[in-house]
Amino acid sequence: FLRTAKGNPPVTFAIAACETQNVNVTVLPCFGLTEGRSVTARQMWDKMMQDGQFDRQNFNSGPSMPSSPGETLCAAVSASAWVEPHGKCTIAFSLAWSSPKIKFLKGSSYHRRYTKFYGTSERAALNLAHDALTNYKRWEEEIEKWQSPILNDQRLPEWYKFTLFNELYFLVAGGTVWIDSSLPSTNVKNDQGSPEDAQRVDVKVTEAEVNRRHTTISEYSTTSGCNGSTGDGLKNNSDPAVTQNKRNSNNLSEHFKWQDQLDDYDDVGRFLYLEGVEYIMWNTYDVHFYASFALLDLFPKIELNIQRDFAKAVLSEDGRRVKFLAEGNYGIRKVRGAVPHDLGTHDPWNEMNAYNIHDTSKWKDLNPKFVLQVYRDFAATGDMQFGVDVWPAVRTAMEYMEQFDRDDDGLIENDGFPDQTYDAWTVHGVSAYCGCLWLAALQAAAAMAEQIGDRFFAETCKTKFCTAKSAFEKKLWNGSYFKYDSGSSSNSKSIQADQLAGQWYTASSGLAPLFDEFKIRSALQKIYDFNVMKVKGGRMGAVNGMHLNGKVDETCMQSREIWTGVTYAVAANMILAGMEKEAFATAEGIFIAGWSEEGFGYWFQTPEAWTMDGHFRSLIYMRPLAIWGMQWALSIPKAILDAPKVNMMDKILISPATFSLSLTETGVRKIANKAKCFGNSVLHCAC
């Protein structure tokens, strides 16, 4: 049992061995590395050299004492056996540790997920070590059962099988935090001072109730801080169509807890993982867009809960002022309707958007990515309750994006700064990346609206899709691929590897293609011929930007980088388009450069990016989990194949006066009232 510094939660370690008829186990519960302990490390080794085992009476010595500040405690387990000449003997050891609480820098503390099964006492480590010894054979069998169909698939290259499973290292090495519930374990004192000294901030939560004739909006403020104090407030609004209701609330974490707890079958706790060990932000959403295929395929309920967290975040607003570093301007931390970039760093769930380079409420990819992920997960799991729960946030996210359609052609425009996941690569006007995501989101929202029962919104999305698609193709299609953007900069005609990200999700979700087959395959072939094959003969992955003259786009750092996760995503897109040969050749470049013996040695630390000379950026990164998008494409789940299809051309006539996505009908209110995890705070807000 080790006490940790600075008031952090303690850690208990346990080491064990399995005793059998042929294996004799003895223990030394405690010894020290320095003089002062009753048994030192030297004495421990002397005993082993002399007797080959410890004293049996040590089993009766009772539990070891906790460590003192700065002290290193040790324990040892010895297992000995007789082995006949040419014989075999298996000796099983297990090592376990328990740190039942996770404490974040600003004081919030939660119980880890395993405490639901093992409790929070010091004995949890012992029980974990015991269960490992008694169950490891079954665990190994289950792992083999899971991996064998892929490992034995003769159609798949060996390097792919190797890389597919090894990229999963990030799910445990990526700073993963898995808690038992949304409720803090205790009211932990802030390390920076007393609870009374903790910073108090106003966080606005907006509620809206909508029907066809008028809008009712309630807005109240909560005072959040580590002391858990409460407050109330009300924003004035002069709109005569708006009535305001004042209500009390607990702090923001209380607002975000489940209004109705999920049953035991669905309750899998809450999950966080870092964007990367150098970019310390939890569940960075524009990157999770790529990585989420791994969670959806392997841990679908965790994936659904991540989407629920972001759905709740969409409907919240945090009015604290933040300075954005790139432009030097100020804004608020979280805007209602905008999908947050991340769930925070020092107080996740309660203080979102740790990213402060740009104002991500003006990014053009986050909201479409939310809609696309939600629909894919909804279609893949067939979980209607999940769909009903998150639908108000999906619709709000779509309505929010209307402000970025500057010319009323149904298509969003970028604003002349890096307003998407490529946050150093400026975009002007309509962009292939964000525009394609928007088209896909319109189709996904229409499909989901039809299944949820919001037919008016479905038809509105269909109408907008038709005009937006026409504008997108007119402005960007040049006969062989979609240009980077519709601007007049030196890189506007660049070939972007990720130009069909929206089509990737559309195909992965069982929806109709965004464009005709010729255009999809032509664009992917252009990417393969230029972005892949013109970079070291295809042995490094797909470079983000490439000019038609075969030279890499040097506009900025990111345009000339090869992004590992994006390369996997492009390969998945190729598989879905029937281009498997090109797909595996594209992805193999990441294996060669990152995993093979002739590569750069990035095993189990795959970076976000590297350049043609092998210099990396951001080791141990989330996005390379996108290789599971390839596996998804190779074995589309039956639920996706059987999901209801939406005909985007089969639309009702909607007059120009009702063309806005944010116009509603009475039936929507009924849908929102069914939402299980939002309570009364998620009804739609009409502009």
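Let's start at a turn: in the hairpin formed by β11 and β12, six residues lie between the strands, and one of them, Gly328, takes a positive phi near 80 degrees. Keep in mind as we go that this is a predicted model.

The two strands of this hairpin are worth a closer look. Strand β11 covers residues 318-323 and strand β12 covers residues 330-334; they run antiparallel and are joined by four bridges. Across the pair, Asp318 faces Lys334 in β12. In a regular strand, the side chains alternate between the two faces of the sheet. That pattern can be followed along β11: Asp318, Arg320 and Val322 make up the covered face, while Gly319, Arg321 and Lys323 make up the uncovered one.

Moving on past β12, we come to the loop that leads to helix α9 (366-381), and His346 lies in this loop. His346 has a relative accessible area of 33%, so it counts as partly exposed, given that this class sits between the 20% limit for buried and the 50% limit for exposed. His346 also brings together distant parts of the chain: its C-alpha atom is separated by 5.7 Å from that of Lys106, although the two residues are 240 apart along the chain.

Next, turn to helix α3, which spans residues 124-151 and contains Glu142. Glu142 is partly exposed, because its relative accessibility is 44%. Together with Glu140, Glu141 and Glu144, Glu142 forms a negative surface patch.

Further along the chain there is another sheet to visit. This one is open and has three strands in the order β17-β18-β19, with antiparallel pairing. Its edges are taken by β17 (562-563) and β19 (616-617), and since each has a single partner strand, one side of each is left without a neighbour in the sheet. Strand β18, residues 609-610, is linked to β19 by two bridges, and these strands run antiparallel. Within that pairing, Trp610 has Phe616 of β19 as its bridge partner.

Our last stop is helix α17, made of residues 627-634. How many of its eight residues are buried? Seven of them are, so the helix is largely enclosed by the rest of the structure. The buried residues are Ile627, Trp628, Gly629, Met630, Gln631, Trp632 and Ala633. When you inspect a helix such as this, it helps to recall the geometry. An α-helix has 3.6 residues a turn, so residues three or four places apart point the same way.

Terms used
Residues numbered from 1 in each chain as written. Predicted model: local features only at pLDDT ≥ 70, side-chain atom pairs only at ≥ 80, totals over all residues. Heavy atoms only, no water. Buried < 20%, exposed > 50% of the residue type's maximum accessible area, 1.4 Å probe, protein only. Patch = residues over 30% accessible without salt bridge, like charges linked within 9 Å, V, L, I, M, F, W, Y side chains within 5 Å. Areas by Shrake-Rupley, 256 points an atom, 1.4 Å probe, with all protein chains shown as cover. Salt bridge = Lys/Arg side-chain N within 4 Å of Asp/Glu carboxyl O. Lys, Arg positive; Asp, Glu negative; His and termini not counted. Charge placed at Lys NZ, Arg CZ, Asp CG, Glu CD. Pairing = 2+ DSSP bridges.
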